[in-house]
Amino acid sequence: MRLLPFSVLFLCSPVFAVGTDFEVSTMKFPEAVSVLWNQVLKRPFMLSPELTEDSRMLTLHIHPDNDERDFILRYLENMNVKVAQKKGVDYLYTYKPVAKPPRFYTYTYIPKFRDVPYLAQALGTSFTQNVSSADADSAQATSEQPFMSTSGDTFVYRGTRRNIDQIEKLLEEIDVRAEQVLVSAFVFEVQTNEKNGSGLVVASKLLNERFSIGIGAKQGYSNFIQFNGPSFDALYELFRTDNRFSLVSSPRLRVVSGQESAFSVGASVPTVGSLTYENGTPVQSIVYRNTGVDFKVRPVITRDLVSMKIDQQLSDYAETTTGVNNSPTFTTRQIVTNVNMQDGDIIVLSGLAENKDGDQKTGLSFLPKSWSTKSDQKQSTDLLIVIQAKKV
């Protein structure tokens, strides 16, 4: 038997049924369910309380070839609504879908310019956090956790495809050649007195007289001056020809941005250590201590500046004349500071002075001592560091 097509118009509701076709267009959820169950499924039903206030709009079209119930249940499941049968009644209720554990993939990458620890640190920890914990609605946590290598010569990551795609794009920006600087330095000991002032004052006067670079009182002559002018070798010749300056060391280091480089020259001096007894026999241990020049720099290059951490240490020893005279007396002078400088700037650091009181006599040797004059004048040995950083 062939069914004749017919049409039913529901007033005030955009619902149309033609033959075995059925269509619902932009109808609120409770009203749409009522029409579907009364006109299509023709079964008793109940809505959970929260669904009676559901304002979502439904739009669907059931084709004659579709199984009406299966079609409706699949549509509602996409809205996180399920249907349970209880004593011949369909009960509609909401549910929270269980998130499926993410699928993990392994990604390997051989660095071009940077090492694996740098790449891992630059990417941070956001790619190694628990993927499921980030989803508050997820009721199931994956047993597998993301992994990122932090050492070795190959970068390895295991995680979701989405994270791998992000990491691939970031590595293109991160794994680039690091900039380098050539750090040149001279370390001088400057002999001064009260009349000459500090070693930095002596150096400033020489620079003004020879190169007219305009270092004046505004710098304060505290322990730091900075300028960009004559060549670095010209400064060396200026200080070397003055007998008040004595060269201690002249390190030159090529340093990668963000890395520390060191220069050390000196000797190991034996000193008396602890005294122990073995079978009643005293045994004196010997401890070696390093002396000399220890120069460390760590530059960080930005677009406009070179920020540099400087650690300069000068240590020496002398014979002990008081106290425990079996070991030498050590003296250490050290400067640790951070400076910002532009490419090619020259910085002069000072401030580590050792003061001594000296007696100075004037007069002729063949005259009586009472005819000579005596003056007390303080002598000072100042440590002066001249540094220049140039981008390579």
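This text walks through two sheets, the helices beside one of them, and a set of aromatic contacts. The model is predicted.

Start with the smaller numbers in the chain. Strands 4, 7 and 6 form an open sheet in that order. Its pairing is mixed. Strand 4 (45–47) and strand 6 (81–86) are the edge strands, and each pairs on one side only. From one strand to the next, the twist averages 25°. Strands in a sheet pair through backbone hydrogen bonds, and the pairing is either parallel or antiparallel. Strand 6 and strand 7 (residues 89–94) take the antiparallel sense, over 6 bridges. One bridge can be picked out by eye: Q85 has D90 of strand 7 as its partner.

Two helices meet this sheet. Helix 1 (residues 29–41) lies across strand 4, strand 6 and strand 7. Helix 1 runs at about 170° to strand 4. Helix 2 (residues 68–77) also packs on the sheet. It touches strand 6 and strand 7, and its direction makes about 130° with that of strand 6.

Now look at the rings. A pair of aromatic rings is described by the distance of the centres and the angle of the planes. There are 10 aromatic pairs in the structure. Y91 and Y93 make one of them, with 6.0 Å from centre to centre and 20° between the planes. That pair is stacked. How accessible are the two residues? Y91 has a relative accessible area of 22%, so it is partly exposed. Y93 is partly exposed too, because its relative accessibility is 27% and the partly exposed range runs from 20% to 50%.

F186 and F232 form another pair. Their ring centres are 4.7 Å apart and their planes meet at 10°, so this pair is stacked. A stacked pair needs planes under 30 degrees apart. Which parts of the chain does the pair tie together? F186 lies in strand 11 (residues 180–193), while F232 lies in helix 6 (residues 232–240). The pair therefore ties together parts that are 46 residues apart in sequence. Are F186 and F232 buried or exposed? Both are buried. They also belong to one aromatic cluster, together with F188, Y236, F239 and F245.

Charged side chains meet rings as well. The charged end of R56 sits over the ring of F29, 5.9 Å from the ring centre. R114 lies over the face of Y118, and here the distance to the ring centre is 4.2 Å.

Move on to another sheet. Strands 15, 16, 17 and 18 form an open sheet in the order 15-16-17-18. The pairing is antiparallel. Strand 15 (261–278) and strand 18 (329–341) are the edges, each pairing on one side only. Neighbouring strands are turned by 20° against each other on average, direction ignored. Strand 15 and strand 16 run antiparallel and are joined by 16 bridges. Within this stretch, T276 stands opposite V283 of strand 16.

End on a single residue, N290. It sits in strand 16 (residues 281–301). Its relative accessibility is 63%, so N290 counts as exposed. The cut-off for exposed is over 50%. Which residues does N290 touch, leaving out those up to four places away in sequence? The contacts are A267, S268 and S315. S268 is 22 residues from N290 in sequence, yet the two C-alpha atoms are 4.4 Å apart in space.

How values were computed:
Residues numbered from 1 in each chain as written. Predicted model: local features only at pLDDT ≥ 70, side-chain atom pairs only at ≥ 80, totals over all residues. Heavy atoms only, no water. Phe/Tyr/Trp six-rings, centres within 6.5 Å; stacked < 30°, edge-to-face > 60°. Buried < 20%, exposed > 50% of the residue type's maximum accessible area, 1.4 Å probe, protein only. Helix = DSSP H or I, 4+ residues; strand = E, 2+ residues; numbered from the N terminus. Lys NZ or Arg CZ within 6 Å of the ring centre and 35° of its normal. Pairing = 2+ DSSP bridges. Axes fitted to C-alpha atoms, helices over the stretch in contact; angles between N-to-C directions. Contact = heavy atoms within 4.5 Å.
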